[in-house]
Amino acid sequence: MKIAVIGAGITGVCTAHALATDGHEVVVYDRRSSVAEGASFATGGLCGPGYVEPGTHTISTGLGLSRHELGWLWQRRKQQPKGLERMVALKRLLSLATWSRERQRDLMQRHNITIEQQDGLMLLFRSAQDAALSQPRLDTLRAHGVSVQPVTAALARKLELAMNNDTPLHSAAYLPGDSAGNCRQFAVALKGMATTMGVRFELASDVAPLQRRAPTCLTVTTPTTPPTPALHDAVVICNGAAATPLLEPLGLKVPVAKVRGHAISAQVREPLNTPHSAVWDATHRVSITRIGHRLRVAGGAELGTGDAHAGCRGVQTLYRVLHDWFPGAAKIDQSVQIWHGEQATTLDGLPMLGPSHVPGVWLNIGHGSNGWALANGCAEVLADLVAGRTPPVDVAPFSPGRWS
Ligand SMILES: Cc1cc2nc3c(=O)[nH]c(=O)nc-3n(C[C@H](O)[C@H](O)[C@H](O)COP(=O)(O)OP(=O)(O)OC[C@H]3O[C@@H](n4cnc5c(N)ncnc54)[C@H](O)[C@@H]3O)c2cc1C
């Protein structure tokens, strides 16, 4: 089949590669001039099953919520899994994330892809309350076969020798099998591989909202060409937070909101002062990872565009968390890259993966804060569904039609 993939973030690149592996003729469209320039640009990099969660617990809301965002928040309050339900949702996500990690490792080995990586994940609990709140999640991870080692504060400080002794720490958990990796670097490498397999990347190409009478005929505009029709047999929507306007004319309602997060990246000042493994501050929900010669601190979950200072406050939190745990690790007084990204977040925190009710239109969106960790698994599941094969994980919980 001739298949269009809309969006060349980590989801679109992995999806294009998986479809090309099945022998499809694939064209990827993205309005930006390079791959992974949207939400996939400067992620925290955490890509193991121990990181994934069905949605974020807390989304801070500022002023200026749109009607869509207010409606989404209201619906989310009702539909977000809570208590035991949340653990069930986590189990579903874990199956997908575990499969995703396997596929990522296999691809890296098969195609000789190397990226900046860091092994192991240390979860830090500042208080007894944080530790207790995380317990059901850690139990679910263990039940799923994820190695989770309880660590005392004293041992955590020995394992992470550079950690600031002045910051109170109640306890920690170490996940030796988890890891962090450079998402954008992976996307660029896989794009190269996909290109050699015949995938065409049409970058700087904006796709207009799909049309009801011919949903798989895209209207594509580039800086040098007027709107031009491009006919395909099928279309896979991988454009993350921008999916809503694209699908609206088809009557496809995607309950996805743009939740903003932030990242700062700075050159390592002294390697000995950086964390040994990737670190997650469970109180502030902030990750600290070593990405090659840089240290990256990422986190935040904000809805609403009316508060001009919200992004600033989010970035200040990142600096504070870095200073709390690893002061002096990065050159924060010199050329720090500050980045804001929009995560497409669904009501229940699970992705929308599979066929829509419009023939020929498939969805792979709504990965929230887990898009890098789920990318390869979702891509292969989608290729399985397109081919009529049964995927290795239960996809019913991710069905795009689950709200209809
Ligand atoms: C601060 C932060 C930290 C994060 N940390 C992690 C982490 O540690 N681990 C993890 O797993 N996930 C993390 N995430 C989440 C992850 O970044 C996202 O889930 C993931 O990048 C989504 O990828 P995507 O390809 O679906 O979307 P995107 O990367 O946003 O790609 C969508 C693409 O579609 C294109 N597009 C949109 N509309 C159109 C159109 N009409 N025509 C043409 N092109 C279009 C855009 O230009 C864009 O390139 C983080 C997110 C943020 C913001």
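This report describes a predicted model, taking in turn its nonpolar core, its ligand shell, one of its sheets and a single residue.

## The nonpolar core

The largest nonpolar core of the model is made up of 115 residues, and those with the most contacts inside this core are Ala 172, Ile 237, Val 297 and Leu 382. Among the elements that build the core, helix α9, which covers residues 371-387, gives the most, with ten residues.

Ala 172 can serve as an example of how such a residue is surrounded. When its neighbours within four places in sequence are left aside, Ala 172 is in contact with Met 122, Leu 123, Leu 124 and Phe 125, and also with Val 151, Ala 153 and Ala 156.

## Around the ligand

There are 40 residues around the ligand, and of these the ones that come nearest are Gly 9, Gly 38, Gly 44, Gly 341 and Gly 371. Sorted by class, this shell holds 15 nonpolar residues, 20 polar residues and five charged residues.

Several helices and strands contribute to the shell, since at least two residues are supplied by each of α1 (10-21), β8 (206-207), β12 (256-267), β16 (337-346) and α9. Helix α9 thus appears here as a supplier of shell residues, in addition to giving the most residues to the core described above.

## A sheet of six strands

In general, the strands of a sheet pair through backbone hydrogen bonds, and the pairing may be either parallel or antiparallel. In this model, six strands form an open sheet with mixed pairing, in the order β7-β2-β1-β11-β18-β17. Its edges are formed by β7 (200-202) and β17 (352-355), each of which pairs on one side only, and the average turn between neighbouring strands, with direction ignored, is 20 degrees.

At one of these edges, β17 pairs with β18 (residues 361-365) in the antiparallel sense, over four bridges, and Leu 353 stands opposite Asn 364 in β18. Helix α9 packs on the sheet, where it touches β11 (234-237), β17 and β18, and the direction of the helix makes about 15 degrees with that of β17.

## Gln 149

Gln 149 lies in strand β5, which spans residues 149-152. Is this residue buried, exposed or partly exposed? Gln 149 counts as partly exposed because it has 13 C-beta neighbours inside 10 Å, whereas a buried residue would need 20 or more and an exposed one would have 12 or fewer.

Apart from neighbours within four places in sequence, Gln 149 is in contact with Ala 173 and Tyr 174. Gln 149 and Val 358, in turn, are separated by 209 residues in sequence and by 46 Å in space, taken from C-alpha to C-alpha.

Methods
Residues numbered from 1 in each chain as written. Predicted model: local features only at pLDDT ≥ 70, side-chain atom pairs only at ≥ 80, totals over all residues. Core = buried A, V, L, I, M, F, W, Y, C linked by C-beta atoms within 7 Å. Contact = placed C-beta atoms within 7 Å. Near = placed C-beta within 6 Å. Nonpolar A, V, L, I, M, F, W, Y, C, P; charged D, E, K, R; others polar. Pairing = 2+ DSSP bridges. Axes fitted to C-alpha atoms, helices over the stretch in contact; angles between N-to-C directions.
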